[in-house]
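The following questions and answers work through one structure, taking its helices, charged pairs and aromatic rings in turn. Please keep the sequence and the model in view while reading.

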Amino acid sequence: MEEEFSSPVLSEVQKYFADEDSCYAMNFYVLLRAVDRVAASYSRLPGIFDSEIVEDVPRLKAAAVSVLSDMGLKGASLSEDLVTEVCRFAGAEIHPVAAFIGGVASQEVIKLVTKQFVPLNGTFIFNGIDLKSQVLAL
């Protein structure tokens, strides 16, 4: 994980942003990293208070631009609707989505412990809006 955060493979990142099927997952990946930065800076998740959503959207966008810049993608942009949706979501956990992610994680642990089958190689992104998942090999 440290390797992925410190030096992502630029060619893979650019490929994911260019690919129509992978672009949405990559947007989620960047926004999740931006949420971490906002939470570290302000000691709370963006959008957690309804009155501050208007302030949090620009904060999250600035953090996302910073993440993109750190990844070497200075000209890339994110969906405005997705940024607003992440702020509106405010870190809520939807139980069926949490159960699905827990099932995937436990399946991967079993693969590692039993040394059978091949575990996922990369970052697993699940889009709860469209019910799609993807593994990003960064």
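Q: In this predicted model, which residues of H3 are buried?
A: Burial here requires a relative accessible area under 20%. In helix H3, which runs over residues 20-42, the residues that meet this condition are Ser22, Ala25, Met26, Asn27, Phe28, Tyr29, Val30, Leu31, Arg33, Ala34, Val35 and Val38.

Q: What distance does helix H3 reach from its first C-alpha to its last?
A: Helix H3 has 23 residues, and at 1.5 Å a residue the expected reach is 33 Å. The model comes close to that expectation, with a distance from the first C-alpha to the last of 33 Å.

Q: Which residue follows H3, and is its phi positive or negative?
A: The helix covers residues 20-42, and the residue that comes after it has a phi near 60°. That phi is positive, and the residue is Ser43.

Q: How many aromatic pairs are there, and what is the geometry of the one formed by Tyr24 and Phe28?
A: Counting by ring centres within 6.5 Å, the model has two aromatic pairs. In one of them, the rings of Tyr24 and Phe28 lie 5.3 Å apart centre to centre, with 90° between the planes. Planes over 60 degrees apart count as edge-to-face, so the pair formed by Tyr24 and Phe28 is edge-to-face.

Q: Of Tyr24 and Phe28, which is buried and which is partly exposed?
A: Both residues lie in helix H3, four residues apart, or about one turn of the helix. Tyr24 has a relative accessibility of 32% and therefore counts as partly exposed, whereas Phe28, at 12%, counts as buried.

Q: What kind of aromatic pair do Phe100 and Phe126 form?
A: The ring centres of Phe100 and Phe126 are 4.6 Å apart, with 40° between the planes. Phe100 lies in helix H6 and Phe126 in strand S1, so this pair ties together parts that are 26 residues apart in sequence. Phe100 itself counts as partly exposed, at 38% relative accessibility. An angle that is neither under 30 nor over 60 degrees leaves one class, and the pair is accordingly tilted.

Q: Where do the buried residues of helix H2 lie around its axis?
A: The buried residues of helix H2, which covers residues 10-18, are Val13, Tyr16 and Phe17. Seen down the axis of H2, these buried residues fall within an arc of 100°, so they line one face of the helix.

Q: How far apart are the end C-alpha atoms of helix H6?
A: Helix H6 contains 20 residues, numbered 95-114, and at 1.5 Å a residue it should span 28 Å. The model agrees with this expectation, because the end C-alpha atoms of H6 are separated by 28 Å.

Q: Against which strand do the buried residues of H6 pack?
A: The buried residues of H6 are Val104, Glu108 and Lys111. They cover an arc of only 55° around the axis, which puts them on the same side of H6, while His95, Ala99, Ile110 and Val113 are exposed on the other side. The element that the buried residues pack against is strand S1 (123-127).

Q: With which side chain does the side chain of Glu108 make a polar contact?
A: Glu108 lies in helix H6 and, at 12% relative accessibility, counts as buried. Leaving aside neighbours within four places in sequence, Glu108 is in contact with Pro119 and Leu120. The polar contact, at 3.1 Å, is with the side chain of Lys111.

Q: Which residues are linked with Glu55 in a network of salt bridges?
A: Glu55 and Arg59 meet in a salt bridge at 3.6 Å, N to O, and, being four residues apart in helix H4, they are separated by about one helical turn. Glu55 is partly exposed at 43%, as is Arg59 at 23%. The residues linked with Glu55 in the network are Arg44, Asp56 and Arg59.

Q: How many residues apart are Lys61 and Glu80?
A: The side chains of Lys61 and Glu80 meet in a salt bridge at 2.7 Å, N to O. This pair links distant parts of the chain, with Lys61 in helix H4 and Glu80 in helix H5, and the separation is 19 residues.

Technical notes. Residues are numbered from 1 along each chain as its sequence is written. This is a predicted model: local features need pLDDT of at least 70, side-chain atom pairs count only at pLDDT 80 or more; totals for chains, interfaces and linings use all residues. Side-chain values use heavy atoms; hydrogens and water are left out. Helices (H or I, at least four residues) and strands (E, at least two) are DSSP runs, numbered from the N terminus. The expected span of a helix is 1.5 Å times one less than its number of residues. Buried means under 20% relative accessible area, exposed over 50%, partly exposed in between (1.4 Å probe, protein chains only). The arc is that of the directions from the helix axis to the C-beta atoms. Contact means heavy atoms within 4.5 Å. A salt bridge is a side-chain nitrogen of Lys or Arg within 4 Å of a carboxyl oxygen of Asp or Glu. A polar contact is a pair of N or O atoms within 3.5 Å; within protein, one must be able to donate a hydrogen and the other to accept it, and residues adjacent in sequence count only if both atoms are side-chain atoms. Rings of Phe, Tyr and Trp (its six-membered ring) pair if their centres lie within 6.5 Å; planes under 30 degrees apart count as stacked, over 60 as edge-to-face and the rest as tilted.
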